[in-house]
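User: I should like to understand how the terms used for a protein model follow from their definitions. May I put some questions to you?

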Amino acid sequence: MYFDMYENSFLDPAYITPEEQQILDGDIAVQKNLYTSKQDFVVESDKFLEHSEDDITLRRHTRFVDFPKHKHDYVEIFYCLSGSVTHVINEEEIRLRPGELLFMNQHIEHAVIACGQEDLGINIIIRPAYFQNILTLINKDNILADFIINALESDSCVGQYLYFTVSDNPCIQNLIHNAVFLLLQQPQNWHKLSEHTFALLFMHILSNAENILLDQKDEQSNVLMVVVRRYLAEHYDTGTLHELAAQIGYTPSSLSRMIKKYSSTTFKEIQTKQRMRVAMNQLSHTALPVSEIALSVGYENQNFFYKQFKKMYDMTPNEARLKSRR
C-alpha cells in the first residue's frame, strides 16, 4: 500500500468512518445533509473546509453505498488509493485503479458506484481560486496546460473532466503522496508547500500527455475558450475583444457571440474576473498599495475597482488583505 509509511487510519481501508458504520448498520442511502444545504445535490466545500480562508482540503470517499448524481461548488481531484472506484459520467463508467487520478471541474455531474472495503479513494477538494498561484508556477505556453487549468477554473457551466492513467509513473505517484501528506499533517507553511507540490504534479502530468484521457465532447468550444482565457491571462489589464478577434481571425461580434454560447458569459466578465483574481493574489502576497494594484490590473478609477472587487469577493480589498494575513 502506497501510504503505509504515514501510519494514518485515514488511509487505512480497515478503518470504518462513522458515516460508513451507519451505512453498514442499515442506513442504505447517503445522508444528503452531510454534503449540502441546497435542494439540488451540489456538494459544498464549506462542509469540509475547516477554516473559511482555506481553499483546499481532503476527505475519504464514502464506501458501501452508491453515491447518487451530484455536482460540486469546487474542483475535485479523485485519487484511487487501493482496489478500484467506478465513477459514472455522461452515462459512461470510468473505473479508476490504484494510482490513477480523475480531475473534475465544478460543473461536472457524476455518480460513484458503491465501493467495497478495499476500494479506497481520496477526494481532494479545491476551490478554483487556489489555482491562481499555481498558474504563475507552471509553463503557460502549452495548450494542454491551458486546457487543464481552464477546465479547473472555468467560468462556464460546461462540465469537464480529465482522467490520468499514471499509476506506473513514480514521480507523479511521489508528488501526489506528498500532496496528501501535506494536507493531512499541515506542517508549517503547508499552504505554500502544497501549491508548489501541485505545480510540480501538473508539470509531470504534462510531460506524460499520452496518459491523459480528455472529455472532448465539444472540442471546438474547449479550444476557443482556452485561447480566450490564455489571452486574458496575459493581457487582463489592457486586452480588448477587438484585439483578440483580429489575432484569431474573427469579427468582434462573432467572437462575442461564440464566447457567450460556449461559456454563458461575456469577454468583459471573464476579463473582470481575471483582473480580480490577479488583484487578490497581489493583495495576499505583496505590500503594494491598493491604488497601485488597481492600476496594475487595468483600473484607473479606484472607486470602480473597489466596486468590482467587492461584487466578486463580498469584501473590500483592505478586508481581503487582512484576512489573508491572519
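User: What makes strand 3 and strand 8 a pair, and in which sense do they pair?

Analyst: This is a predicted model, in which local features need pLDDT of at least 70, side-chain atom pairs count only at pLDDT 80 or more, and totals for chains, interfaces and linings use all residues. Residues are numbered from 1 along each chain as its sequence is written, and side-chain values use heavy atoms, without hydrogens and water. Strands (E, at least two residues) are DSSP runs, numbered from the N terminus. Two strands pair if DSSP finds at least two bridges between them. Strand 3 and strand 8 (residues 110-112) have two bridges, in the antiparallel sense, so the definition is met. His 70 stands opposite His 110 in strand 8.

User: In which sense do strand 1 and strand 3 pair?

Analyst: Strand 1 (residues 42-43) and strand 3 (residues 67-72) pair in the parallel sense, over two bridges. His 72 in strand 3 is the bridge partner of Val 43.

User: How many bridges join strand 7 and strand 10?

Analyst: Strand 7 (residues 101-104) and strand 10 pair over four bridges, in the antiparallel sense. Phe 103 stands opposite Leu 162 in strand 10.

User: Which way do the residues of strand 10 point, and are they buried or exposed?

Analyst: Tyr 161 and Tyr 163 point one way from strand 10 (residues 161-164), while Leu 162 and Phe 164 point the other way. All are buried, which means under 20% relative accessible area (exposed is over 50%, partly exposed in between; 1.4 Å probe, protein chains only).
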